[in-house]
Amino acid sequence: MSRYQVQSKTRGASGNASPGPVYGVVSTVEDFDRCPPLEVRKSELSLFLNWGSPKKQTMELGSKFKDRSWIVDLLAIFFGIGTWLGVNGTFIQLPLLVDEAPEGWSLPSYLSVMVQIGNLGPLLYTAIQKYSPKKLNDGWTIHGVLLVGGISCLLTAFFYNRTAPVGGTDHSVALFVLTCFTAVNACTSSVLFMPYMGRFKEQYMVTYFIGEGLSGLLPSVTALIQGIGESGECTVVNVTESGDPIYALQKTPPRFDTRVFFLILFGLMVLSYVGYTLLNSLSVARREYAEVTVTEGNKYVYGEADNQQQSDKVEKLTKGQYTYMLLLIGAISLFSNGMFGSIQSYSSAPYGSNAYHLAATLSVIANPVACFMAMFLHFTSLRLITVLSILAGLLTSYVFTTAALSPLPPLHDQTVGAVLVVTAWTLLVGIVSYTKLGITTVMRAQGGQSLVWVGAITQLGSAIGAVAIFFAINYSNLFQAAETSC
């Protein structure tokens with residue numbers, strides 16, 4: 001019999017199973033009351049940052065390779081690819097989409113709104129789990145969410161350029177609607193996919209995050225092969241009356257069109273669906289479950305053996321620490337998920353097209369690389385998480401400064417400026433990814449619905465950041481685009 005059981009039970013004083021409380025998906029203050037009180041001899045600040053704890057191990061080098069199944073690792077990566085693949089692919093394809101869309105370069109603003117509408121998915125899921133007498137089964141719900149994402153990519157390939165009049169003006173209605181459904185898949189993954197991975201041993205959360213990073217990297221690589229991002233050549237298109245040449249930037253046509261691009265994404269979504277199906281059904285995957293009992297869909301109670309293993313690495317958080325971790329993941333998501341993508345062009349484009357494309361490409365690569373590094377350099381120290389967050393905050397201040405001062409940021413006409421901005425973006429995304437994984441690992445060890453809280457706060461922060469930067473870009477003069485000319 002598998003150690004994983006979908007039923008509600010608690011242990012009495014005699015060790016026998018007895019009926020236990022039933023929890024909904026949205027936690028209450030009871031989740032916070034689980035946290036143990038402060039130890040008398042430790043100061044509040046020392047315990048808050050986990051300083052001086054003999055049980056803490058800041059780095060664990062290579063220990064995760066001893067007890068793992070590489071088949072489950074691979075399936076977890078495939079599963080993670082299906083998170084933000086469709087949304088990332090749509091935005092990466094914008095240089096071609098704007099050429100056909102009646103909205104032109106205002107299309108990204110519309111798509112950003114469509115992505116936020118996708119947050120109706122996790123809200124609906126949470127409402128059903130909280131208030132409905134019959135709870136959704138997470139396993140089957142994930143099947144449905146992945147199918148919605150896959151079908152959306154397939155339909156986008158054939159209907160992305162279909163328009164319809166709205167208020168007397170043509171709009172890309174088909175693309176808007178399909179982006180909404182694609183975003184439902186992406187946004188719901190934060191409160192559904194990640195908690196699902198909580199039933200597996202801790203090390204598989206890392207490979208899942210590698211897959212989530214690949215959901216941005218794979219569309220970027222596909223776009224590079226397609227030819228998006230090539231700077232083009234300046235050619236003479238005319239001459240003035242005085243004989244001076246007039247240059248224009250001529251871009252090379254893509255190697256394949258937008259339809260083929262979205263069909264490739266559909267193929268990757270099929271791969272993700274197959275990966276999840278096998279992960280959910282194969283006996284080799286079930287043998288990698290943690291000792292955990294799942295009640296009411298996604299409330300996790302870890303067994304004594306798993307608790308003992310985790311206690312050697314992660315202490316139970318106090319109420320203050322628990323709140324601090326949630327606020328921190330919300331703030332990080334506000335900037336990384338909600339704002340970074342919108343300001344990157346303003347920050348790096350003034351340093352030249354090569355700097356812009358290098359910053360965009362290397363920052364996308366930094367995400368899965370940081371998660372892969374976590375397999376070797378795993379950490380659960382709140383002190384290290386805090387230090388990395390401060391470093392990420394300093395880098396965020398730098399890239400926001402360059403974006404706000406566009407089109408003439410500091411050192412914009414020097415090579416050292418381009419090197420600095422590319423390095424800043426690469427380090428920033430890598431550190432943020434590494435820190436988010438550390439927070440998720442710590443919160444997983446708390447049990448209950450901690451991972452659901454992490455996913456919900458992540459989506460809330462992302463939505464606030466996206467709305468704020470939308471108005472800052474479109475309704476203020478804070479950000480000025482750098483013009484590309486010959």
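Two residues are in contact when heavy atoms of theirs lie within 4.5 Å. In this predicted model, 80% of the contacts between residues at least 6 apart in sequence join residues at least 24 apart. The chain has 486 residues, of which buried residues make up 51%. Its secondary structure consists of 19 helices and 10 strands.

The nonpolar cores are described next. In soluble globular proteins, nonpolar side chains tend to be buried together. In this chain, the largest nonpolar core has 94 residues. Helix α18, which spans residues 415–444, supplies the largest share of this core, with 14 residues. Phe 79 and Met 197 are the residues with the most contacts inside the core. When residues up to four places away in sequence are not counted, Phe 79 touches Ile 142, Leu 146, Phe 193, Tyr 196, Met 197, Tyr 208, Ser 272, Tyr 276 and Leu 279. Met 197 is thus listed both as a partner of Phe 79 and, with Phe 79, among the residues with the most contacts in the core. Apart from the largest core lies another one, of 11 residues, including Leu 97, Val 98, Met 114 and Leu 175.

Two helix pairs were examined. Two packed helices are described by the angle between their axes and the distance between the axes. The first pair consists of helix α4 (residues 85–92) and helix α11 (residues 258–281), whose axes come within 10 Å and cross at roughly 165 degrees. Because angles over 145 degrees count as roughly antiparallel, α4 is roughly antiparallel to α11. The crossing in which α4 passes α11 is right-handed. On the side of α4, the contact is made by Leu 85, Gly 89, Thr 90 and Ile 92. On the side of α11, Phe 261, Phe 262, Leu 265, Leu 268 and Met 269 take part. Sorted by class, the residues of this contact are 7 nonpolar and 2 polar, with no charged residues.

The second pair consists of helix α10 (residues 203–226) and helix α16 (residues 353–373), which pack with their axes 8 Å apart and at an angle of about 155 degrees. This pair is therefore also roughly antiparallel. Here α10 passes α16 in a left-handed crossing. From α10, the residues that meet α16 are Val 206, Phe 209, Ile 210, Gly 213, Leu 214, Gly 216, Leu 217, Ser 220 and Leu 224. Their counterparts in α16 are Thr 361, Val 364, Ile 365, Asn 367, Pro 368, Cys 371 and Phe 372. The residues of this contact comprise 11 nonpolar and 5 polar, and no charged ones.

Several residues in loops were also examined. Phe 256 is found in the loop between β7 (245–250) and α11. Since buried means under 20% relative accessible area, Phe 256 is classed as buried at 18%. Its C-alpha atom is 8.9 Å from that of Ile 225, although the two residues are 31 apart in sequence. With neighbours within four places in sequence left aside, Phe 256 is in contact with Thr 222, Ile 225, Gln 226, Phe 261 and Ile 264. One of these partners, Phe 261, also belongs to the α11 side of the contact with α4.

Two serines in loops fall on opposite sides of the cut-off for burial. Ser 172, in the loop between β5 (169–171) and α9 (173–197), is buried because its relative accessible area is 2%, under the limit of 20%. Apart from neighbours within four places in sequence, Ser 172 is in contact with Ala 101, Pro 102, Glu 103, Arg 162 and Thr 163. Ser 106 is placed in the loop between α5 (94–100) and α6 (107–117). With a relative accessible area of 31%, Ser 106 is partly exposed. The C-alpha atoms of Ser 106 and Asn 474 are separated by 9.0 Å, while 368 residues separate the two along the chain.

The loop between α17 (382–404) and α18 contains Pro 407 and Leu 411. The peptide bond from Ser 406 to Pro 407 is cis, with omega near 10 degrees. Leu 411 is not a glycine, yet has a positive phi of about 60 degrees. Its relative accessible area is 34%, so Leu 411 is partly exposed.

Notes. Residues numbered from 1 in each chain as written. Predicted model: local features only at pLDDT ≥ 70, side-chain atom pairs only at ≥ 80, totals over all residues. Heavy atoms only, no water. Helix = DSSP H or I, 4+ residues; strand = E, 2+ residues; numbered from the N terminus. Buried < 20%, exposed > 50% of the residue type's maximum accessible area, 1.4 Å probe, protein only. Axes fitted to C-alpha atoms, helices over the stretch in contact; angles between N-to-C directions. Parallel < 35°, antiparallel > 145°, perpendicular 65-115°, else oblique. Left-handed = near helix turned anticlockwise from the far one by under 90°. Nonpolar A, V, L, I, M, F, W, Y, C, P; charged D, E, K, R; others polar. Core = buried A, V, L, I, M, F, W, Y, C linked by side-chain atoms within 4.5 Å.
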